[in-house]
Amino acid sequence: MEKYLPILRNCPFFKGLTDNEILSILHCVNATVISKERDSYIFRAGDITEVMGLVVSGCVLIIQEDIWGHRNILSKCHAGDFFGEPYAASRRAVLNISVVADEDCEIILLNVKRLMVTCPNACEHHQRLIRNLVSVLANKILILNDKITHVGKRTTRDKILSYLSAESIRHSSLSFDIPFDRQQLADYLCIDRAAMSTEISKLQKEGFIKTNRNHFELQLSIIKKKNYTI
């Protein structure tokens with residue numbers, strides 16, 4: 001586990017802990033490392049899990065799928081990000097999401113229920129870790145709130161601009177990269193890819209944005225000039 005410490009030190013879950021405390025916690029929660037190839041599943045909807053995942057290399061998608069294969073992307077997790085915490089922390093909660101590798105990745109699985117009982121080693125940092133977990137869960141709520149804001153817009157254009165506005169604010173820049181390719185962005189915003197591509201092309205022609213693959217640049221002066229509200 002020592003080789004993952006550079007990532008774990010910067011993970012919100014381990015905030016305020018020393019390297020030795022992090023390694024002690026990993027032992028306490030029965031941490032195990034798994035490797036997954038691109039497009040393989042880590043969790044499947046309908047399963048029950050007692051572990052949450054921490055991405056230490058690669059990235060994964062948190063998705064919902066129906067029986068017709070329609071995919072709704074809830075979020076994308078990169079190195080240092082967690083997934084599955086609410087289900088692992090809840091007693092026999094059935095997953096209504098799946099987690100799939102977006103590229104070859106390594107995942108640390110942690111038994112979060114071990115945090116909900118008195119630590120057998122009486123760790124001084126046990127309470128701090130629980131506070132960190134609450135903070136991680138709160139951040140997930142904010143991420144889902146952002147998605148609800150975007151998909152709640154009435155038109156495809158409004159959904160795209162709402163998302164790009166939020167990403168611009170998150171990056172503190174009008175020029176930024178988004179974590180999704182075009183199909184993933186359509187799945188995240190719950191819109192048809194062809195309709196989305198058409199709208200993005202219109203936004204470029206009208207001067208609202210510039211884009212190249214997953215890079216976007218907002219033309220704020222044009223948006224203000226045309227009195228468009230995001």
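**Exercise 1. Which residues have the most contacts inside the largest nonpolar core, and how many residues does that core have?**

This is a predicted model.
- Step 1. The largest nonpolar core has 24 residues.
- Step 2. Leu8, Phe13, Phe14, Leu54, Phe82 and Leu110 have the most contacts inside it.
- Step 3. Now map the core to elements. At least two of its residues come from each of α1 (5-8), α2 (19-28), β3 (51-57), β8 (105-111) and α4 (126-151).
- Step 4. Look at Leu54. Setting aside neighbours within four places in sequence, its contacts include Leu8, Phe14, Phe82 and Leu110. Cys11, Gly80 and Glu106 are also among them.
- Step 5. Check for another core. A second, separate one has 23 residues, including Ile73, Leu185, Ile200 and Leu203.

**Exercise 2. Find the pairing of strand β4.**

- Step 1. Strand β4 (residues 60-65) runs antiparallel to strand β5 (residues 71-77), with 6 bridges joining them.
- Step 2. Pick one pair: Ile62 has Ser75 in β5 as its bridge partner.
- Step 3. Inspect the turn. The β4-β5 hairpin leaves 5 residues between the strands, and Gly69 there has a positive phi of about 90°.
- Step 4. Turn to strand β7 (residues 98-101). It pairs with β4 over 4 bridges, again in the antiparallel sense. Here Val60 stands opposite Ala101.

**Exercise 3. Is Asp39 buried or exposed? Treat Ser172 likewise.**

- Step 1. Locate Asp39: the loop between β1 (32-36) and β2 (41-43). Its phi is positive, near 75°.
- Step 2. Exposed means over 50% relative accessible area. Asp39 has 56% relative accessibility, so it counts as exposed.
- Step 3. Ser172 sits in the loop between α5 (156-171) and β9 (175-177). This residue is not a glycine, yet has a positive phi of about 55°.
- Step 4. Ser172 is exposed because its relative accessibility is 70%.

How values were computed: Residues are numbered from 1 along each chain as its sequence is written. This is a predicted model: local features need pLDDT of at least 70, side-chain atom pairs count only at pLDDT 80 or more; totals for chains, interfaces and linings use all residues. Side-chain values use heavy atoms; hydrogens and water are left out. A nonpolar core is a set of buried Ala, Val, Leu, Ile, Met, Phe, Trp, Tyr and Cys residues joined through side-chain atoms within 4.5 Å. Buried means under 20% relative accessible area, exposed over 50%, partly exposed in between (1.4 Å probe, protein chains only). Contact means heavy atoms within 4.5 Å. Two strands pair if DSSP finds at least two bridges between them.
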